[in-house]
Structures are given as structure tokens and as C-alpha cells.
Amino acid sequence: MANRALIGREFPAVTATIDPESVKAFARALGETDPLYLDDAAAASGPFGAIVAPPTYPIAFMAQSMAGAASSFDELGLNFMTLVHGEQEFEYERPVKAGETLTLTARIHDVYEKEGRSGILDILVLETEASDQNGKRVFASRQTLVSRR
Amino acid sequence: MLQFDELKEGDALPVHQRGPITKAEIAEYSRASGDPNPMHVDEEFAKASGYPGVFAQGMLSMGYLGQYVTGLAGIGNVKLLQSRFAKITWPDELITCRAKVTGKRVAGGEKLVDLELTTESQTGEVKIVGKATVRAA
């Protein structure tokens, strides 16, 4: 049941410290070769002063900020077993840097239902804002999750 | 970096190809992205759930699109990256990433290029439809 009363619900802010080895493992998993993603020395003397993460890396640490959303999944009656990532959008001010600590605030942007080919689909749109230790925005994420009822 | 003055609406940029996608690659990506979903690594689980076998997460292909767009524009010049996950990407598929210029503009003192993105398999099945906005020179 699409519980539209949950729209606007915010989850407690969480922090994530970006681990360099985790960034490098993610870059390697994508077959990246740029030294800014992989080489400490090259990255330190590069334009960002640190290892930076490939653009989709935030997905690897955003799960923490959405842990608070898990109870909302229950309230929304979402079928966790059939939850599918429908869409993902990132807006960036700059790349995420290894070693920095980000503050992540997630909120429910939208909840609705849609008629699908094999029944009703429940749609949940989650937005996350990430800011750095100076309070400056680093990136924003909008994630659409789809659940078959 | 993309050269603002050399681009016009409708231009197709050089493509980026990945694959054949392997189960090992999908598993490595699952570990690196902290994805616990067994559909991507547990063959029996995927079959019991009605699929022919394990499959790649949409985010793996979005990672390829991120790689593609960053390769075109340069690290630090991607302002927006968006993907809609239309079809599943399977092991053994070859993935071609394509970008087409949908517009260019100057905003906030920056030269920006808007791109429409797709990933498709060797049969032409479109897996992801997306867009990006990058800073150009």
C-alpha cells in the first residue's frame, strides 16, 4: 500500500569516513586504471590531493545512511525479496576523496504505486545529501526502488 | 576533456566497450560495492528465484557509464550522472556504452554539455538509459 504520509520523512544523519583501500577495490572491480583512483603518491600530488573515488562509488557506503530507512520499508509494506533498483541519479560538486568524512542525510522523496505488467508495483524514491567536514555539499543521490507487491 | 566549441546537438561520441561480462567480475563488484544480494553471486539462489542464473547489478553497468563519461570529460568534470535500469545484464554479454550530445550551455560561468547515455548488449538490447552533464573546455 503506497503510504504517502511517509513522504518527507528524514532519517538521522550518519557519517561515513571514506576508506582508501575500499575506494581502490571498487575502482579495480570496475577495471579502472587511472592512478588518481589507485596510486597514493600520484593522487596526493594530483589535483585533488588524495585518492578520489569513481563517480558511482557512493553506492558502496550509502547503505549505512539508509539503514534507518529499513523500518520504513516495513511500514511501506515493501517486499524486500523483490526490491529492485529502478533508477539512480547522482549530482556532484566534486569527486569523493579517500580519507574524508562525509555526513549523509537521507529522506523519502516520494512513495507511489504503479500498474505493472505482472501486478502492482510500489515505488520508493530516496534522496541522500552528502556534505563534507566543512559543511559543504559533495554530492546528492536520488534512488528509485521498485517492489512487486 | 570535451571541447565545448567542437560539439553540437546530436553528435555521437566515441563508444566505450566492456565485456564479455564474467561471473567473477560480477562477484568482485558485489564485494567491492558491499552488495549482499545473492542474485548476483549464488547460482542456485538465482535459479530458485526464477532466473536462468546469476546476473549483474544495474549499478555495475552504471559504473561502466561513469567510467565512460569520466573518460570523455576528465575526473572532476562530471556534474550529473543518471541511469534507469531497463533490462538485466547477463554474464557473457558484451556491453557498449554510447553517448549523444543533447545540448550545450553556459551556466554559472561553466561550459556544460548534456549527454544522453545508453548501454546495450551485442544484440542491441538496451540495458540502461541515462544522462549526464559534464564540464567542458
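**Two chains joined by a shared sheet**

Helix α1(A) and helix α1 of chain B (residues 23–33) pack with their axes 9 Å apart and at an angle of about 155°. Axes here are lines fitted to C-alpha atoms, for helices over the stretch in contact, and angles run from 0 to 180 degrees between N-to-C directions. Helices (H or I, at least four residues) and strands (E, at least two) are DSSP runs, numbered from the N terminus. The structure is a predicted model, in which local features need pLDDT of at least 70 and side-chain atom pairs count only at pLDDT 80 or more, while totals for chains, interfaces and linings use all residues. Residues are numbered from 1 along each chain as its sequence is written, with chains lettered from A and ligands numbered from 1 in the order in which they are written.

Two packed helices are described by the angle between their axes and the distance between the axes. On this basis α1(A) and α1(B) are roughly antiparallel to each other, a description that applies to angles over 145 degrees (under 35 is roughly parallel, 65 to 115 roughly perpendicular, and the rest oblique). The crossing of α1(A) past α1(B) is left-handed, meaning that the near helix is turned anticlockwise from the far one by less than a right angle; clockwise would be right-handed. From α1(A), the contact is made by Ala25(A), Phe26(A) and Ala29(A), and from α1(B) by Glu28(B), Tyr29(B), Ala32(B) and Ser33(B). Two residues are in contact if their C-beta atoms, placed from the backbone, lie within 7 Å. By class, this helix contact has five nonpolar, one polar and one charged residues. Ala, Val, Leu, Ile, Met, Phe, Trp, Tyr, Cys and Pro count as nonpolar, Asp, Glu, Lys and Arg as charged, and the others, Gly among them, as polar.

The contact between the chains as a whole takes 26 residues from chain A and 22 residues from chain B. On the side of chain A that touches chain B, α1 (20–29), α4 (59–65) and β2 (83–92) each supply at least two residues, and β2(A) gives the most, with eight. That side of chain A has 16 nonpolar, four polar and six charged residues.

Strand β2(A) also runs antiparallel to strand β2 of chain B (residues 78–85), to which five bridges join it. Across this junction, Glu89(A) has Gln82(B) as its bridge partner, and Glu87(A) stands opposite Arg84(B). Two strands pair if DSSP finds at least two bridges between them.

The junction belongs to an open sheet of ten strands, in the order β1(A)-β3(A)-β4(A)-β5(A)-β2(A)-β2(B)-β5(B)-β4(B)-β3(B)-β1(B), with antiparallel pairing. Its edge strands, β1 (14–17) of chain A and β1 (16–18) of chain B, each pair on one side only. The twist averages 20° from one strand to the next.

Within chain A there are five helices and five strands, which follow the pattern β-α-α-α-α-α-β-β-β-β along the sequence. Strand β2(A) pairs with β5 of chain A (residues 137–148) in the antiparallel sense over nine bridges, with Phe139(A) as the bridge partner of Tyr92(A). Strand β4 of chain A (residues 119–131) and β5(A) are likewise antiparallel, over eleven bridges, and Leu126(A) stands opposite Gln143(A). β4(A) and β5(A) form a hairpin with five residues between them, and Gly135(A) in the turn has a positive phi of about 80°.
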